[in-house]
Amino acid sequence: MRALFGVIRIIAAGVIIAAIVGQFVYTLSFGDAPDDFFVNFFSYFTILSNALSAIVLLVGAGFCFRLRRDPAWYNLVLGCVVTYMATTGVVYNLLLRGIALDQGHTLGWSNEVLHLIAPIYLVLVWIVTPGKSRLEWRQVWAIIAFPLVWTVYTMIRGSIVGWYPYPFLNPAQPGGWGAVVVYMIAIAGFIGLMGCAVIALSRTRLIRG
């Protein structure tokens with residue numbers, strides 16, 4: 001059973017990588033990408049969380065083939081990316097679907113993989129994959145560390161170059177900084193709740209295998 005999940009992890013990682021590369025190449029093919037497109041592209045939380053997920057899934061596939069249980073440190077890292085992907089899926093589909101983002105041209109199938117299919121898959125992985133150990137409640141701080149760093153980076157870089165990956169983080173939006181702060185607090189709270197949910201699931205018998 002563990003070997004089967006290892007194969008599935010490899011396939012899922014391959015699909016995610018293909019979606020990231022596909023979107024990148026598709027945008028460049030139009031020849032109108034800005035000079036800082038590469039940095040902008042990898043400044044999207046969606047791209048970063050999906051890229052991290054692909055890496056973590058490939059590493060986890062190796063553990064599936066060699067070990068009966070995932071190492072505790074890997075279990076924490078997997079819990080982190082599950083939280084980020086769940087957040088990506090919910091925020092995009094509730095706040096951003098149908099809104100044109102400043103990323104050039106959107107590749108339809110890639111967009112669905114990165115914002116819908118991959119997040120659902122990662123959540124299912126967390127629920128049903130055998131061989132996981134339980135997380136401790138204090139580890140929620142490790143889970144939310146990356147989104148906090150990304151937010152600080154995004155706001156500092158945005159103030160310098162005048163570009164923000166998502167419209168709700170742009171102070172030029174209606175409502176200005178007040179609206180930005182409200183969105184940031186709401187999303188931070190949601191990420192915290194998702195992290196707590198991931199930890200709670202890890203402590204149930206169903207997913208510990």
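**Note on the predicted model: N75, fold and cysteines**

1. In this predicted model, N75 touches W126, K132, S133, R134 and L135, leaving aside residues up to four places away in sequence. Four of these partners, K132, S133, R134 and L135, follow one another in the numbering. N75 itself is placed in helix α4, which covers residues 72-96.

2. Is N75 buried or exposed? Its relative accessibility is 0%, so N75 counts as buried; the cut-off for that term is under 20% relative accessible area. The contacts of N75 with W126 and with the stretch from K132 to L135 therefore belong to a residue that is buried within the protein chain.

3. As to secondary structure, the protein chain has eight helices and zero strands. Read from the N terminus, the order of elements is α-α-α-α-α-α-α-α. Helix α4, with N75 in it, spans residues 72-96.

4. The overall dimensions merit a separate remark. For 209 residues, a compact globule would be expected to have a radius of gyration near 17 Å, and the value for the protein chain, 18 Å, agrees with this. Along the principal axes, the C-alpha atoms fill a box of roughly 50 × 35 × 25 Å.

5. Regarding packing, 47% of the 209 residues in the protein chain are buried. Of the contacts between residues at least 6 apart in sequence, 79% join residues at least 24 apart. The contact of N75 with W126 is one between helix α4 and a residue outside the range 72-96.

6. The accessible surface of the protein chain amounts to about 10200 Å². Carbon and sulfur atoms account for 74% of that surface.

7. On charge, the protein chain carries 13 positive and 7 negative side chains. The centres of these two sets lie 25 Å apart.

8. How many disulfides does the structure hold? The number is zero. For C64, the closest cysteine sulfur is that of C80, at 18 Å, which is too far for a bond; a disulfide would require the two sulfur atoms to be within 2.5 Å. C196 is likewise in no disulfide, and the nearest cysteine sulfur to C196, again that of C80, is 13 Å away.

9. The surroundings of these cysteines may also be noted. C64 has a relative accessible area of 5% and is therefore buried, whereas C196, with 32%, is partly exposed.

Terms used
Residues numbered from 1 in each chain as written. Predicted model: local features only at pLDDT ≥ 70, side-chain atom pairs only at ≥ 80, totals over all residues. Heavy atoms only, no water. Helix = DSSP H or I, 4+ residues; strand = E, 2+ residues; numbered from the N terminus. Rg over C-alpha atoms; globule rule 2.2 N^0.38 Å. Buried < 20%, exposed > 50% of the residue type's maximum accessible area, 1.4 Å probe, protein only. Contact = heavy atoms within 4.5 Å. Areas by Shrake-Rupley, 256 points an atom, 1.4 Å probe, with all protein chains shown as cover. Lys, Arg positive; Asp, Glu negative; His and termini not counted. Charge placed at Lys NZ, Arg CZ, Asp CG, Glu CD.
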